[in-house]
Amino acid sequence: ALSATLLSYFLRALPYGAVLACLISLLLALQGKSENSLAVGIGTAVVTLLALGRQGWALMENRQLSAEVRFMGLAERQLLSDLQASEARYQSLVEHSSDLVQILSLGGRILYVSPSHRDKLGFEGADLLEQSVALLLHPRDEVAFRTLLRTTATRDDLSAPLLYRVRHKDGGWRWLEGVAKSLLSNPAIG
């Protein structure tokens with residue numbers, strides 16, 4: 001890290017060193033009063049002007065790049081803020097919805113349950129995660145439910161309703177009307 005910092009300082013100072021070397025050579029040439037003094041003087045002046053011009057151009061480019069980086073930073077912060085607001089809005093909708101939302105694996109394992117399961121079925125979300133959905137289904141409705149899952153899993157364009165019974169934590173049964181939709185092709189879900 002120290003050698004990289006030293007190299008950076010050296011490279012930044014290099015144009016100024018070149019100008020200083022040119023000025024020194026000009027002074028030496030003028031003291032010598034030789035025939036080549038005028039040529040050395042003109043050459044030194046040209047090199048000095050070129051070095052100073054290049055530095056001016058670099059400063060202008062740096063200002064422009066700095067402005068672009070600041071703008072990109074503002075745009076990126078705005079996008080991040082918009083994304084966070086959208087996520088908070090979605091999370092609030094899901095958490096306060098009375099609908100029971102579940103994400104199931106192809107085999108019927110519960111991967112996600114909405115908080116409304118606690119109010120409607122008495123189960124905390126953590127109690128149901130990684131469990132088979134069959135534990136909640138009435139035995140007479142399980143075949144129809146699994147058939148619906150298999151049918152919708154192969155067709156992303158299909159949403160299919162089903163009336164079925166699920167077990168409440170108190171041991172009773174509740175009738176639900178559900179809609180199955182495959183989101184396996186959605187990278188955020190699948």
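**Note on the nonpolar core and salt bridges**

1. Glu130 is a convenient place to begin, since in this predicted model the residue sits in the loop that runs between helix H4 (125-128) and H5. The backbone there deserves a careful look, as the phi angle of Glu130 is near 70°, which is a positive value in a residue other than glycine.

2. The side chain of Glu130 also takes part in a salt bridge, its partner being Arg109, with the closest N and O atoms 2.4 Å apart. Because Arg109 belongs to the loop between strand E1 (102-104) and E2, while Glu130 belongs to the loop between H4 and H5, the pair ties together parts that are 21 residues apart in sequence. Arg109 itself is partly exposed, with a relative accessible area of 35%.

3. A search of the whole structure finds seven salt bridges, and two others may be set beside the Glu130 pair. One of them joins Arg118 to Glu124, where the closest N and O atoms are 3.4 Å apart. On the side of the arginine the relative accessible area is 41%, so Arg118 counts as partly exposed, and Glu124, at 36% relative accessibility, is likewise classed as partly exposed.

4. Within helix H5, the side chains of Glu142 and Arg146 meet in a salt bridge with an N to O distance of 3.2 Å. The two residues are four apart in this helix and are therefore separated by about one helical turn. Glu142 is partly exposed, with a relative accessible area of 25%, and Arg146 is partly exposed as well, with a value of 24%; the cut-off that matters for both is that buried means under 20%.

5. Turning to the interior, the largest nonpolar core has 16 residues, of which Ile110, Leu128, Leu137, Phe145 and Tyr164 touch the most other members. At least two residues of this core come from each of strand E2 (110-113), helix H5 (142-153) and strand E3 (159-167), and the greatest contribution is that of E3, which supplies four residues.

6. Which residues does Leu137 contact, leaving aside its neighbours within four places in sequence? The contacts of Leu137 are with Glu142, Phe145, Tyr164, Arg165, Val166 and Trp173. Two of these partners, Phe145 and Tyr164, are named with Leu137 among the core residues that touch the most other members, whereas another partner, Glu142, is the residue whose side chain meets that of Arg146 in a salt bridge.

Note on methods. Residues are numbered from 1 along each chain as its sequence is written. This is a predicted model: local features need pLDDT of at least 70, side-chain atom pairs count only at pLDDT 80 or more; totals for chains, interfaces and linings use all residues. Side-chain values use heavy atoms; hydrogens and water are left out. A nonpolar core is a set of buried Ala, Val, Leu, Ile, Met, Phe, Trp, Tyr and Cys residues joined through side-chain atoms within 4.5 Å. Buried means under 20% relative accessible area, exposed over 50%, partly exposed in between (1.4 Å probe, protein chains only). Contact means heavy atoms within 4.5 Å. A salt bridge is a side-chain nitrogen of Lys or Arg within 4 Å of a carboxyl oxygen of Asp or Glu.
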